[in-house]
Amino acid sequence: MVIEPKQTTVAYRCTKCGAGVMSVVGLFNLKADMVKLKCDCGGSEMSLVYTKDAKVRFTVPCLFCPSPHHFVVNSSVFFSKELFSLACPYSGMNIAVMGETDHVKAELSRSELELLDLLEENGIDSFSALHGEQTVSDPQVLEILTYMIKELDEEGKITCRCESEGEGDYELEFLPEALKITCKRCKASAEIPTGSLIDAHEFLYTDSLELK
């Protein structure tokens, strides 16, 4: 009896050229070492690490954010799902996908069309420009601000024009000199300056955030 090794197909989209980067990943090579998927253009890479508690830790580059996102997926999900996606927590767009090869290819095609529509709507002529326009000059500023916004959201301390508490569905947009948070439902928003660490540290003492 031959036991087929567990394997799945994983993919992400390069932040520089926009190409879909795809590879088959098996349990044996994942257990042996960190797996890295690199785009042929040399502009990005995604890494996967198998943890001692049978989980897969992802570091995924993001078209919409200046820093990669980190995810942890149970190995049973990683190797068993026909299709499973990881989304940017701020834009809601899928930035990595895993599963059966044909399903992964189909999702890459679907997400590419979605991104092309987004580029056209915003007058952006390349994937790299999409990423570049949203880069905050100091990554430490971004880290502080996104951490605080996440904490305020989890504690129910972000308010907007939605009638009931906890009704807001928020997204972040990285502007050249600010981080804009907007409720997708009522469209109320607020901009937080990102020009310096002083701005970020001042925001650390914020105990609530009102979107108008």
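# A tour by selection: salt bridges, cavities, two threonines

The count of salt bridges comes to 6, a salt bridge being a side-chain nitrogen of Lys or Arg within 4 Å of a carboxyl oxygen of Asp or Glu. The model is predicted: local features need pLDDT of at least 70, side-chain atom pairs count only at pLDDT 80 or more, and totals for chains, interfaces and linings use all residues. Residues are numbered from 1 along each chain as its sequence is written, and side-chain values use heavy atoms, with hydrogens and water left out.

**Stop 1: the whole chain**

Show everything as a cartoon. The chain has 6 helices and 13 strands. Helices (H or I, at least four residues) and strands (E, at least two) are DSSP runs, numbered from the N terminus. Now colour by accessibility. Of the 212 residues in the chain, 40% are buried. Buried means under 20% relative accessible area, exposed over 50%, and partly exposed in between, with a 1.4 Å probe and protein chains only.

Switch on the surface. The accessible surface of the chain is about 12100 Å². Carbon and sulfur atoms own 48% of that surface. Areas come from the Shrake-Rupley method with a 1.4 Å probe; for residues, only the protein chains shown count as cover.

Then look at contacts, meaning heavy atoms within 4.5 Å. Take those between residues at least 6 apart in sequence: 44% of them join residues at least 24 apart.

**Stop 2: three salt bridges**

Select Lys36 and Glu45. Their side chains meet in a salt bridge, 3.6 Å from N to O. Lys36 counts as partly exposed because its relative accessibility is 45%. Glu45 is also partly exposed, at 32%.

Move to Glu114 and Arg110. This salt bridge has an N to O distance of 3.1 Å. Both residues lie in helix H3, 4 residues apart, about one turn of the helix. Glu114 has a relative accessible area of 32%, so Glu114 is partly exposed. Arg110, at 37%, is partly exposed.

Next, pick Glu155 and Lys157. Their closest N and O atoms are 3.3 Å apart, in another salt bridge. Glu155 is partly exposed at 46% relative accessibility. Lys157 is partly exposed at 35%. Now go back to Lys36 and Glu45 and add Lys38: salt bridges that share partners join Lys36, Lys38 and Glu45 into one network.

**Stop 3: the cavities**

How many cavities of 30 Å³ or more does a search of the whole structure find? The search finds 2. A cavity here is a set of points, on a 1 Å grid over the protein atoms alone, where a 1.4 Å probe fits but cannot get out; lining residues have an atom within 4 Å of a point. Grid points are joined across faces, edges and corners, and a volume is the space filled by probe spheres set on the points.

Start with the largest cavity, which holds about 70 Å³. Select its lining: Ala11, Tyr12, Arg13, Asn94, Ile95, Ala96, Val97, Glu107, Leu108 and Ser111. Strand E1 (7-13), strand E8 (94-99) and helix H3 (101-121) each give two or more residues to this lining. E8 provides the largest share, with 4 residues. Colour the lining by class: 6 residues are nonpolar, 2 polar and 2 charged. Ala, Val, Leu, Ile, Met, Phe, Trp, Tyr, Cys and Pro count as nonpolar, Asp, Glu, Lys and Arg as charged, and the others, Gly among them, as polar.

Go on to the second largest cavity, with a volume of about 50 Å³. Select Arg13, Pro61, Cys62, Leu63, Phe64, Asn94, Ile95 and Leu115, which line this cavity. By class, the lining has 6 nonpolar, 1 polar and 1 charged residues.

**Stop 4: two threonines**

Select Thr59, in strand E5 (residues 55-60). Thr59 is partly exposed because its relative accessible area is 22%. Set aside neighbours within four places in sequence, and Thr59 contacts Glu45, Met46, Ser47, Pro68, His69 and His70. Glu45 is the salt-bridge partner of Lys36 seen earlier. Add Val72 and draw a C-alpha to C-alpha distance: Thr59 and Val72 are 9.1 Å apart in space and 13 residues apart in sequence.

Finish at Thr182, in strand E11 (residues 178-183). Is Thr182 buried or exposed? Thr182 counts as buried, because its relative accessibility is 13%. Not counting residues up to four places away in sequence, Thr182 touches Asp169, Tyr170, Glu171, Lys187, Ala188, Ser189 and Leu211.

Terms used
1 Å grid on protein atoms, 1.4 Å probe; cavity = no way out; pocket = protein on both sides within 12 Å on 5 of 7 lines; lining within 4 Å.
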